[in-house]
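Reader: I am new to this structure; please show me how to read the surroundings of a ligand.

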Amino acid sequence: MYATLEMLIDGKFGKGSGTAAEPVLNPATEQSLADLPHASGHDLEAAVAGAEKGFATWKAMNAYDRCRIMRKGADLIRARLDAIATVLTLEQGKVLAEAKVEVATAADILDWYAEEGRRSYGRIVPGRVGGVRQMVLKEPVGIVAAFTPWNFPAVTPMRKIAGALGAGCSIILKASEETPGTAVEMARCLQEAGLPAGVLNLVFGVPSEVSTYLINHPKVRKISFTGSTAVGKQLTKMAAEGMKRTTMELGGHAPVIVFDDVDVEAVAKIAAGGKYRNAGQVCISPTRFFVHESKYAKFLSTFTEIASGLKLGDGLDPSTQMGPMANARRLEAMDGFVADAKAKGAKVATGGERPANQGFFYKPTVLADVPPDAKVMSDEPFGPIAPIVPFKSFEEVVERANGVAYGLAAYAFTNDEKRATAIADALQWGMVGVNSLAVSMPETPFGGIKDSGHGSEGGTEGLEAYLNVKFVSQA
Ligand code: NAD
């Protein structure tokens with residue numbers, strides 16, 4: 001059921017020339033699924049050489065032919081959706097239904113960029129002198145090096161692959177070593193769809209070694225990273241040495257503001273559904289719940305009832321509602337957040353511990369009356385913990401919601417139109433959901449500000465991220 005793990009270098013799948021490898025674990029069972037080969041220095045150089053050739057071929061191909069290949073790749077992903085989603089659940093842990101939606105979304109992203117690549121229009125600027133044509137042209141930036149994490153093994157790599165390919169770039173992707181199979185399967189679909197050799201390369205290894213090699217390589221012109229703020233800052237510094245363009249999609253710590261004019265039970269259901277998706281390992285996951293004091297008790301009890309009723313288990317079991325955490329590091333992090341909050345006076349309304357079974361499971365957790373100095377109120381939990389606190393006034397809640405280093409996604413619920421506009425204006429975040437948690441679509445920009453990074457993936461902005469602007473003045 002699991003994937004055959006290979007790298008893709010210059011159009012060929014294989015184990016590479018290195019000897020290093022690491023096991024990929026199923027987080028629901030802690031059993032090894034397969035061994036993942038690591039790229040040697042020679043393999044990385046071959047990937048860059050392949051990407052250089054691939055870039056020349058892909059750039060020279062017209063946008064219609066590129067579009068046809070990409071759309072065929074998307075069709076193949078859809079045709080293999082069940083198999084790829086099974087690989088995803090085995091290596092990442094999320095429930096199969098979520099994995100299927102994710103793989104289908106990856107195919108949609110590929111389709112969208114296939115089409116949008118046909119519209120990377122420039123413009124003509126009227127000249128100051130007769131007979132002069134002033135043209136603004138868009139050109140692909142060149143070879144892209146991309147690094148993706150383990151929480152969305154299909155959508156995150158695809159945002160980078162599709163954006164780069166749609167713009168006419170070639171790409172070397174280092175997908176997560178913890179969830180490599182999904183990327184391998186998607187790469188197979190693209191190769192079978194007719195992608196020329198070297199346009200897409202897929203490598204694995206020790207993350208810091210691969211990123212240091214590729215980011216410092218003079219032929220690589222653009223870096224795209226999704227992951228933690230700490231690593232994003234390191235990679236941005238390295239890219240600055242070579243004056244390379246970067247897109248950084250880093251962590252978040254999304255506030256959810258629930259005003260007093262809503263149907264609080266309905267909002268609690270939406271909020272809990274969003275919170276425990278992918279066991280909370282989502283950068284736009286709702287993570288700090290601010291509920292108006294008049295509705296606090298009802299919101300807390302409804303949310304807690306939903307959280308405590310969720311069935312944990314293997315993501316492949318159709319009755320499972322929440323899978324395990326993707327790796328053991330998250331379990332330790334959850335224990336740390338809960339112990340710290342408790343020590344500072346928070347109450348555990350439900351969860352707050354690991355269940356006894358095997359696998360990286362953590363109970364859906366609700367923390368009530370969490371003091372502002374608890375770590376979970378300022379550090380991204382990236383797990384199934386929901387701190388819920390009351391607020392009194394609009395000004396107070398805006399200050400608390402904005403008062404962290406992150407700036408990815410924020411949410412607010414209100415039935416008052418004026419308040420909806422006011423809160424959307426007041427929230428200093430890259431994405432704001434008003435009465436909705438849906439802020440991620442192929443055709444809309446996805447990205448943050450402040451410590452959450454810079455640049456957008458998705459939407460026309462996501463294509464621009466892989467395009468240079470060239471001005472031509474022709475007399
Ligand atoms: P981490 O910071 O070690 O790694 C995060 C990701 O970056 C991983 O995929 C890792 O392989 C990669 N990485 C690490 N060092 C790298 C390097 N030098 N060069 C290239 N890639 C590198 O931490 P982690 O334990 O995997 O995750 C913990 C935190 O990361 C979470 O708490 C969360 O804040 C953040 N995270 C964010 C996202 C996101 O979608 N923005 C996804 C995963 C993790």
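**Around the ligand**

Author: Begin with one polar contact (a pair of N or O atoms within 3.5 Å): a nitrogen atom of the ligand is 3.4 Å from a polar backbone atom of proline 207. The model is predicted, so local features need pLDDT of at least 70 and side-chain atom pairs pLDDT 80 or more, while totals for chains, interfaces and linings use all residues. Residues are numbered from 1 along each chain as its sequence is written, and side-chain values use heavy atoms, without hydrogens and water.

Reader: Which side chains have an N or O atom at 2.8 Å or 2.3 Å from an oxygen atom of the ligand?

Author: The side chain of tryptophan 150 places an N or O atom 2.8 Å from a ligand oxygen, and for the side chain of glutamate 380 the corresponding distance is 2.3 Å. Of the 790 Å² of accessible area (Shrake-Rupley, 1.4 Å probe) that the ligand has on its own, the protein covers 84%.

Reader: How many residues surround the ligand, and which are the closest?

Author: Counting residues with a heavy atom within 4 Å, 20 surround the ligand, and Trp150, Ser211, Ser228, Arg329 and Glu380 are the closest. By class, nine are nonpolar, seven polar and four charged, with Gly counted as polar.

Reader: Which elements give two or more residues to this shell?

Author: They are α7 (207–216), β10 (220–226), α8 (229–241) and α11 (328–343), taken from DSSP runs (helices of at least four residues, strands of at least two). Helix α7 contributes the largest share, three residues.

Technical notes:
A polar contact is a pair of N or O atoms within 3.5 Å; within protein, one must be able to donate a hydrogen and the other to accept it, and residues adjacent in sequence count only if both atoms are side-chain atoms.
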